[in-house]
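This report covers one residue in its surroundings, then the chain that holds it, then the contact between two chains.

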Amino acid sequence: MSQSHRIDAKLAGGQIDRTRTLRFTFDGIPYQGHPGDTLASALLANGVRLMGRSFKYHRPRGPISAGSEEPNALVELRTGGRQEPNTRATVAELYDGLEANSQNRWPSLRFDAMGINDKLSTFFAAGFYYKTFMWPKSFWEKLYEPIIRRAAGLGSVTREEDPDTYDKGFLHCDLLVIGAGPAGLMAALTAGRAGKRVILADEDFRMGGRLNAETFAVGDSQGADWAAVSVAELSAMPNVRLMTRTTVVGAFDHGIYSAVERVSDHLLTPAAGKPRQVLWRIYTGHAILAGGATERPIAFENNDRPGIMLAGALRAYATRWGVKVGERIAVFTNNDDGLRTALDLQAKGVDVVAVIDSREGGDLLPGIRHLRGAEVIDSTGSLGLKSITVRQSNGRSETIAVDALGVSGGWNPNVNIHSHHRSRPVYDASIAAFVPGQDGPQGLLVAGAATGAMSTHAALKTGRDAAMAALGLGTGPDLPQAEDAPVRITPLWHVGHGKGRAWIDQQNDVTVKDVKLAKQENFTSVEHLKRYTTLGMATDQGKTGNVIGLAIMAELTGRSIPETGTTIYRPPYTPVAMGTLAGRSRGKEFKPFRLTPSHHWAKEQGAVFVEVGNWLRTQWVPKAGETEWRQSVDREVLATRKSVGICDVTTLGKIDIQGTDAGAFLDRVYANTFSTLPVGKCRYGLMLREDGIVFDDGTTARMGENEYVMTTTTANAVTVFRHLEFCRQCLWPEMDVQLISTTEAWAQFSVAGPNARKLLQKIVDQDISDAAFPYMGAGSITVCGGLRARLFRISFSGELAYEIAVPTRYGDALLREMLAKGAEYDPIVYGTEALGVMRIEKGHVAGGELNGQSTALNMGLGKMVSKKKDAIGMVLSQREGLTEESGYRLVGVKPVNPEAKLTAGSHFLETGAAAVAENDGGWLTSKVYSPHLGCDIALGYLKGGDRKIGQRMRIVNLLAGLDTEVEIISPHMFDPEGERLRG
Amino acid sequence: MIIHHPILGPRDAQEFVYLGDATLIDRPDGMTAGVEAFHDYLYNRDNPAGEHRELWYHEQGDRSWLVVTRNTVTHEITKVELARDVARARGRTK
């Protein structure tokens with residue numbers, strides 16, 4: 001029984017290797033195939049036609065095509081983490097050990113309980129859900145939608161992680177040729193022989209396109225052989241890159257194309273070090289779309305049974321794969337190409353019982369029962385085709401027993417990529433199909449069947465000519481002799497008969513009735529038709545069904561097809577896996593960590609880390625016996641304020657600013673003044689956006705007459721630098737000022753606490769006594785006997801504090817040296833939590849206050865905005881709405897009951913006021929537990945807050961169930977006089 | 001998209017950061033212009049379907065700010081200039 005439907009090799013050898021056998025399973029049943037098979041061709045060779053269930057009605061379905069346009073034969077491929085849903089069996093290349101399963105069925109493919117939907121089809125017409133499941137409103141989300149989603153659908157995704165890698169790559173060429181059929185091969189030969197850099201990409205694993213499925217001669221050989229010889233010639237050219245299994249999925253601006261190469265999908269597992277798929281970005285001088293054409297069916301009642309296929313697909317299975325889909329075959333056609341299928345199949349010994357030709361008159365095929373003016377009006381066979389009903393030209397009906405039917409309604413040029421920039425295809429009545437219109441992507445030419453040139457000769461000629469035109473070549477190769485049959489077609493879109501359902505879009509279960517309903521409800525534009533009926537959606541994007549749908553709409557509305565128009569296409573041409581789009585950007589590689597210079601030391605200590613932007617910073621460093629984070633953080637704060645603590649602040653942005661106008665430049669970008677800053681000093685700077693809102697803050701030091709070092713917040717390091725470059729280049733190009741980011745160049749540590757100077761003096765080579773290095777001093781120094789370093793006497797903690805910077809590679813050594821040399825002071829390393837506690841105790845603003853909505857005035861820093869000079873944001877910071885007396889002001893907050901807890905984000909309310917938005921007085925921006933004050937403390941923005949110091953209010957957080965009385969205090973909650981930091 | 005950088009040649013647009021309308025170069029003088037002028041400068045923009053001069057920053061490159069003349073309908077880029085040169089030509093000085 002194995003491969004019962006394989007045609008004798010003498011009649012149809014095909015492009016398969018019959019000397020080797022591949023084993024595979026479908027729904028657990030073992031089968032055999034050959035190298036060169038697709039999953040679909042191998043299943044058909046084994047007599048398996050039923051491969052899936054339809055989306056909505058759960059109708060039994062088999063493949064209708066032999067290519068990427070397939071709407072029906074969608075399967076789950078592979079298992080475990082490699083399981084992939086909705087794979088088209090018609091393009092899945094067979095390999096030894098392949099496991100495939102059908103989907104959207106329960107309990108089995110042959111008996112699907114949801115098949116009941118088919119009996120209830122009246123209820124599932126277009127728009128039914130929206131009209132019916134309206135009330136009660138809450139039922140939609142909770143009840144109706146989950147049930148409908150479960151019943152309808154495609155494959156299921158695995159819950160396991162994909163073990164394979166995906167990659168991205170970049171390619172450049174003079175000419176990209178999309179599709180390796182006769183047109184594409186001829187174009188590539190023309191360009192390749194002229195020495196141009198050519199990429200020839202084809203979605204198939206075997207180049208040749210339709211030539212592999214036809215019996216035509218090209219020159220002196222079979223078409224498939226000519227293709228193979230041409231591919232061999234191209235592969236020997238160093239300037240040509242051949243890419244099989246590569247689908248060009250999108251055309252983007254300026255000659256850029258994206259392509260998906262399925263590197264390993266045809267293997268059981270990818271070879272070591274190889275990705276499963278690669279997403280290529282191809283930069284081209286020109287491109288030629290030679291994507292061929294896709295056959296379309298004719299709609300008739302029950303035209304979706306397994307065994308009913310596109311006629312060209314029947315022919316392809318026979319010629320390329322040596323497979324006869326049935327024992328008794330008929331063909332239903334409205335054009336000459338359908339006749340070709342009948343002749344080819346008959347020549348391979350297949351029993352062609354009838355050709356039903358909708359066209360009246362004309363010649364009859366010799367040796368075949370050729371019915372002119374006839375139509376197929378119905379079919380039978382629950383799990384596979386058993387018979388068709390034919391209405392003859394004299395009106396008589398006849399039932400013919402067949403197990404396969406080829407249907408040809410004509411061929412649609414694959415214009416898809418040509419309309420990615422909104423070019424509208426135009427209708428060509430001579431072939432009854434849409435062809436590429438004007439204004440396609442710049443540099444893209446179209447050749448072969450994709451442009452409506454349907455014969456082999458026309459494909460070869462247009463391919464060559466397109467390459468010559470694209471590259472400006474004066475001559476090209478001679479064309480081999482090939483058939484040049486004209487297209488003879490009399491359009492027939494659907495067979496009008498009875499009340500049954502005739503499918504247009506098999507993937508979405510859209511029938512002729514649905515189009516009629518759309519018309520009846522006035523959804524007559526093609527865009528409305530698509531959305532109302534779902535015609536042309538999902539994985540196949542209506543490659544076989546779209547044109548029929550709009551042609552029927554044209555009929556119903558009495559308009560011509562050009563008047564009705566067509567929807568256009570967007571990338572991707574065929575579905576692309578999410579993993580392919582992600583490439584290597586998975587897990588931490590999506591967002592890699594930046595590690596601080598003290599990271600390795602901290603890791604050795606068992607530090608807890610926190611993500612800050614891309615950085616991984618030490619959050620706290622637990623000691624033995626500490627079981628709760630607050631114990632560690634409280635200890636770090638107390639130890640710092642008692643003796644000395646060290647914190648890695650490398651993550652702050654650092655920008656060197658040099659030039660004779662550096663000071664004047666800083667005056668323009670900071671709200672306060674820097675040109676007056678003496679050399680060797682630093683100053684806190686407040687940077688505004690042009691709209692007057694605070695952008696960033698930090699300290700900037702004057703290291704020399706024309707040299708400053710700016711620090712930014714960690715979060716804004718990149719955007720501040722970008723902004724400064726904008727100011728420098730776009731606003732004040734005449735200024736002599738140069739910028740460079742040195743964030744990565746310097747490791748920087750804050751050393752804070754009463755013993756900070758004593759500890760540092762053990763490291764620093766120069767005298768740093770208060771007299772020699774006063775508060776807000778800055779300068780270049782050396783440490784450890786000569787290593788260049790920078791020292792800034794600045795404090796975020798409120799303690800006597802310094803920031804010391806050394807070249808990054810010495811950061812780790814510096815930290816260890818400070819801890820060793822200063823051991824007598826019991827130095828501790830503190831993390832971002834203790835940093836936060838100390839800055840909030842001091843009322844310094846940070847993330848919660850620098851929220852992109854607050855002004856200097858809100859922060860209590862209004863006086864810093866100098867009006868004596870022009871600076872970014874100065875003018876608009878004076879806007880009426882930003883300078884209200886009663887506006888938000890930064891305040892400190894502590895609970896009246898020291899045991900009470902606060903939460904950031906809570907709102908201020910007057911005592912007795914109802915907790916409603918109208919009474920909202922502001923909110924808490926940051927909150928910590930202060931070990932010095934022995935209670936929670938917070939900063940917040942309070943309306944008119946500067947006039948409410950000393951008052952009592954309530955803090956309310958309805959989400960946290962918090963409503964507690966607090967005292968409004970100065971934000972400077974610890975050492976308000978600043979005696980410690982000047983010590 | 002590909003932007004033909006006046007110094008570095010053709011570069012992928014992914015290397016750039018987009019800012020917007022190049023009229024941002026024409027910042028009023030804060031010492032003479034008032035709130036109205038700044039409001040107009042900062043918030044009022046034309047939104048043409050067609051040719052648009054706009055600022056792009058070569059962040060993954062040489063940090064040049066560029067003025068790119070781009071058709072917003074077709075994405076065709078007809079001119080690329082260094083913003084510094086444009087600013088100078090518009091008389092922007094210290």
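Does Val263(A) count as buried, partly exposed or exposed, and at what relative accessibility? The model is a predicted one. Val263(A) has a relative accessibility of 23%. Buried means under 20% and exposed means over 50%, with partly exposed in between, so Val263(A) counts as partly exposed.

**Surroundings of Val263(A)**

Val263(A) sits in the loop that runs between β14 (256-262) and β15 of chain A. Leaving out residues up to four places away in sequence, Val263(A) touches Pro275(A), Arg276(A), Gln277(A) and Val278(A). For one of these, Arg276(A), the C-alpha to C-alpha distance from Val263(A) is 5.4 Å, while the two are 13 residues apart in sequence.

**Chain A as a whole**

Chain A has 983 residues, of which 60% count as buried. Its secondary structure consists of 21 helices and 50 strands. Of the contacts in chain A between residues at least 6 apart in sequence, 66% join residues at least 24 apart. The table lists overall values for chain A.

| Property of chain A | Value |
|---|---|
| Span of the C-alpha trace along its principal axes | about 115 × 70 × 55 Å |
| Exposed area | about 38,700 Å² |
| Share of the exposed area from carbon and sulfur atoms | 53% |

**Contact between chain A and chain B**

The size of an interface is often given as the accessible area lost when the parts come together. Between chain A and chain B, about 3,100 Å² is buried, and carbon and sulfur atoms give 56% of that area. His254(A), Arg722(A) and Gln729(A) supply 19% of what chain A buries against chain B, more than any other three residues. In residues, the contact takes 35 from chain A and 38 from chain B.

Six salt bridges are found across the interface of chain A and chain B. Arg281(A) forms a salt bridge with Asp12(B), with 2.5 Å between the closest N and O atoms. The count of residue pairs in polar contact between the two chains, both residues at pLDDT 80 or more, is 17.

On the side of chain A that touches chain B, at least two residues each come from β15 (277-289), α18 (717-731) and β39 (738-741). The largest share of that side, nine residues, is supplied by α18(A). By type, the residues of the side of chain A that touches chain B are 17 nonpolar, three polar and 15 charged.

Definitions and conventions: Residues numbered from 1 in each chain as written. Chains lettered and ligands numbered in written order. Predicted model: local features only at pLDDT ≥ 70, side-chain atom pairs only at ≥ 80, totals over all residues. Heavy atoms only, no water. Contact = heavy atoms within 4.5 Å. Buried area = accessible area lost by both parts, 1.4 Å probe. Salt bridge = Lys/Arg side-chain N within 4 Å of Asp/Glu carboxyl O. Polar contact = N/O pair within 3.5 Å; in protein donor to acceptor, adjacent residues only side chain to side chain. Helix = DSSP H or I, 4+ residues; strand = E, 2+ residues; numbered from the N terminus. Nonpolar A, V, L, I, M, F, W, Y, C, P; charged D, E, K, R; others polar. Buried < 20%, exposed > 50% of the residue type's maximum accessible area, 1.4 Å probe, protein only. Areas by Shrake-Rupley, 256 points an atom, 1.4 Å probe, with all protein chains shown as cover.
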